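Work through the exercises below with the sequence and the structure at hand. Each task is followed by a solution in steps.

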Amino acid sequence: MSDATTPAVNMDAHESPISLILRRIWRRLGPLTTYSVAFSLIEAAVLAPTAAGVLRLALQSWGRCSVGNFEIVAFFLSPVGLAGLALLTALQLTTFHLRTAGVMGVLAGDGPGVWHAFDAAKRLPAVLKVDLLQAVLYLILGIPFAATGALAYRWLWGPHDLNRLVVDRPREFWEGVIVVGAIALVYAGLAVWLYLRWLFAVQAVMFEEARLPWTALRASAARTSGRLRRLAVIVLGGGAATIGGWFALSAGLSVLNGYILDHVGHGPRTAVAATTGLLAFDGLALAAFSATASAILAALGMAEYRRAGGAIRETVVSEPKARWWTTAAFALSAAALVPAALTADALMDDIPVVERVEITAHRAGAFHGPENSVAALRVAAQAGAEWAEIDVQQTRDGHLVIAHDDDLIRIAGSPLRITDSTLEQLRAVDIGTPFDPKFAGERIATLEEFLEASHNLPIRLNIELKAKNDAEAVALVEPVVEAVRKAQEVKRVHICGQSVPALAKMRKVAPDIDVGFISGAVIGDPTRLDVEFLMMEARLATRTFVDRARRRGKAVHAWTVNSADRVPSLVDDGVLNIITDDVLAIRARLDEIAQLDPLERIILRVRHALARR
């Protein structure tokens with residue numbers, strides 16, 4: 001990274017490693033800061049959109065705009081999914097390696113950090129080839145482990161209801177965790193071993209002009225031979241220290257933010273001004289930490305690379321120069337106050353003072369009555385729920401019953417499986433007494449009974465097509481629609497599910513019934529699905545996601561929210577329905593929020609925005 005006319009010297013021959021690192025970082029502090037800012041802009045403008053484009057192209061090639069719970073594994077095991085995964089992994093590695101390589105260039109030479117950012121970006125094709133080869137090899141290595149894990153899953157968990165395993169955690173659950181965990185650990189160990197062997201592959205591209213990916217990997221393997229234990233300590237220790245430092249700094253900033261916001265007063269201008277300053281300070285502190293950590297790790301990598309026989313040309317710097325670059329760095333950093341101010345202004349803009357957020361009783365209200373029972377439905381309606389989410393399955397003799405699990409073990413201690421039993425057999429089981437003796441005699445209800453009960457209550461039904469796969473979900477569509485039409489409840493019913501093909505069939509069979517897509521993990525953009533509402537796990541119901549869904553005319557429902565403390569942030573993020581087992585607690589918190597005046601709501605939103613940072 002030096003001029004051709006500048007001699008190459010080793011400036012660090014008689015220095016301790018710590019002295020070397022600290023002196024290098026201090027000498028190049030200004031360019032390091034400008035480099036960090038410049039590369040972040042390049043990353044945001046080029047690398048991140050490229051990764052998003054790769055994923056979208058893969059999904060389009062697969063024929064979908066979004067992939068939900070049922071299909072994530074199938075997507076990544078398809079040829080298109082594997083190719084997309086390999087390229088995404090390579091892009092992530094490339095982003096990390098280019099940033100590190102650029103920091104090495106800043107530490108090894110003279111000149112502005114911005115120039116080094118673009119110089120590193122020029123190496124993108126060569127580095128991407130190396131990282132793509134690595135990603136493919138990681139995936140090939142993972143194939144036998146994935147196959148073994150799938151077999152273990154089918155053998156240990158296949159015969160059992162997954163929800164019951166996760167909730168009750170019987171012996172079979174822990175057996176599966178141990179076996180699959182052991183398989184994952186073995187793969188992780190081998191992957192780390194390969195990563196350490198290829199640790200100097202990027203240096204081979206940057207400093208040795210390695211033209212072919214295989215050449216770079218072989219050169220790295222030769223230099224790391226016999227040094228893997230030392231490199232493991234440096235890489236894993238440095239990574240752990242960086243992650244620990246990041247969380248410690250974030251926690252410290254969170255405490256500081258909370259303390260300041262609690263003491264600045266309740267005036268809206270004061271609150272917004274304090275929040276703007278805190279946002280800017282937090283951003284600068286985290287950016288400075290990231291830049292410092294990157295510089296330390298890069299300096300350690302340079303020292304180990306040279307120790308392994310690698311050569312890094314350096315420029316002699318007789319006097320500290322580029323002081324004006326330091327000034328420029330601070331100017332660029334100060335510019336971060338502008339987006340912070342805009343963020344604060346956006347928080348003040350278009351704040352709805354009164355939101356209409358509805359409550360859905362999850363499984364008809366599982367905290368205050370036997371789940372998925374008519375008794376729980378009545379309690380939920382009395383507590384103020386506008387909707388009840390219920391799970392419909394079909395018995396062996398063709399009846400539609402309301403039950404979540406495959407069997408009745410968790411809720412009643414009975415081994416009867418829903419699809420293998422008749423309605424009469426299921427009716428013989430008391431699901432009320434195990435929950436609370438006051439509900440003794442409560443039985444499994446049919447969909448028809450739920451429709452009749454809800455008709456006489458101020459509550460509507462959101463019926464989930466409960467199935468293990470797409471085929472089972474599709475098979476439920478017509479009988480469920482028939483039951484709803486027969487009860488004349490089309491206008492008071494929603495139907496939802498995790499199966500895209502089943503929802504597509506709903507569109508054809510019953511275009512007059514609103515449908516919703518359920519997901520706790522998603523790839524792609526579910527807001528493009530042909531549905532009226534999206535039932536998302538609460539952590540996915542962010543302001544960005546809700547706004548995107550709203551622009552496409554779709555409401556977002558957040559599940560399963562059983563802590564009242566989560567309600568204010570979800571309301572501020574714009575969700576229109578909160579799905580909960582605890583209707584009483586959520587209704588109380590929503591009523592409390594509705595009673596706040598506009599000033600208090602503004603302060604509440606500002607605090608939530610800062611907490612999300």
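**Exercise 1. A salt bridge and its cover**

Task: Decide whether Glu-489 is buried or exposed, and find which residue forms a salt bridge with Glu-489.

Solution. This is a predicted model.
Step 1. Glu-489 has a relative accessible area of 2%. Buried means under 20%, so Glu-489 is buried.
Step 2. The salt bridge partner of Glu-489 is Arg-492, and their closest N and O atoms are 3.0 Å apart.
Step 3. Arg-492 has a relative accessible area of 23%. Partly exposed covers the range between 20% and 50%, so Arg-492 is partly exposed.
Step 4. A network can be found as well: salt bridges with shared partners join Arg-356, Glu-386, Arg-587 and Asp-591.

**Exercise 2. Two further salt bridges**

Task: For the salt bridge of Arg-363 with Glu-371 and that of Lys-505 with Glu-478, state how each residue is classed by accessibility.

Solution.
Step 1. In the salt bridge between the side chains of Arg-363 and Glu-371, the N to O distance is 3.3 Å.
Step 2. Arg-363 is at 11% relative accessibility and therefore counts as buried. Glu-371, at 13%, also counts as buried.
Step 3. The side chains of Lys-505 and Glu-478 meet at 3.7 Å, N to O. Lys-505 belongs to helix α20 (residues 500–509) and Glu-478 to helix α19, so this pair ties together parts that are 27 residues apart in sequence.
Step 4. Lys-505 is partly exposed at 26% relative accessibility, and Glu-478 is partly exposed at 45%.
Step 5. Over the whole structure, a search finds 28 salt bridges.

**Exercise 3. Strand β7 and its neighbours**

Task: Find which strands are joined to β7 by bridges, and how many residues of β7 are buried.

Solution.
Step 1. Strand β7 spans residues 460–465, and five of its six residues are buried.
Step 2. Strand β3 (residues 387–394) runs parallel to β7, and six bridges join them. One pair to look for is Asp-391 with its bridge partner Glu-464 in β7.
Step 3. Strand β8 (residues 493–497) also runs parallel to β7, with four bridges between them. Here Asn-462 stands opposite His-494 in β8.
Step 4. Follow the chain through β7, helix α19 (residues 470–486) and β8: together they make a right-handed β-α-β unit.
Step 5. When looking at side chains, recall that in a regular strand they alternate between the two faces of the sheet.

**Exercise 4. A nonpolar patch**

Task: Which residues make the nonpolar surface patch of about 320 Å², and how is Ile-143 classed by accessibility?

Solution.
Step 1. The patch is made by Leu-132, Val-136, Ile-140 and Ile-143.
Step 2. Ile-143 is part of helix α6, which covers residues 124–156.
Step 3. The relative accessible area of Ile-143 is 54%. Exposed means over 50%, so Ile-143 is exposed.

**Exercise 5. The whole chain**

Task: Describe the protein chain by its helices and strands, its buried share, its contacts and its exposed area.

Solution.
Step 1. The protein chain has 24 helices and 13 strands.
Step 2. It has 613 residues, of which 46% count as buried.
Step 3. Take the contacts between residues at least 6 apart in sequence: 68% of these join residues at least 24 apart.
Step 4. The chain exposes about 29300 Å², and carbon and sulfur atoms supply 62% of that area.

Key: Residues numbered from 1 in each chain as written. Predicted model: local features only at pLDDT ≥ 70, side-chain atom pairs only at ≥ 80, totals over all residues. Heavy atoms only, no water. Patch = residues over 30% accessible without salt bridge, like charges linked within 9 Å, V, L, I, M, F, W, Y side chains within 5 Å. Areas by Shrake-Rupley, 256 points an atom, 1.4 Å probe, with all protein chains shown as cover. Salt bridge = Lys/Arg side-chain N within 4 Å of Asp/Glu carboxyl O. Helix = DSSP H or I, 4+ residues; strand = E, 2+ residues; numbered from the N terminus. Buried < 20%, exposed > 50% of the residue type's maximum accessible area, 1.4 Å probe, protein only. Pairing = 2+ DSSP bridges. Right-handed = clockwise from strand over helix to strand, strands pointing away. Contact = heavy atoms within 4.5 Å.
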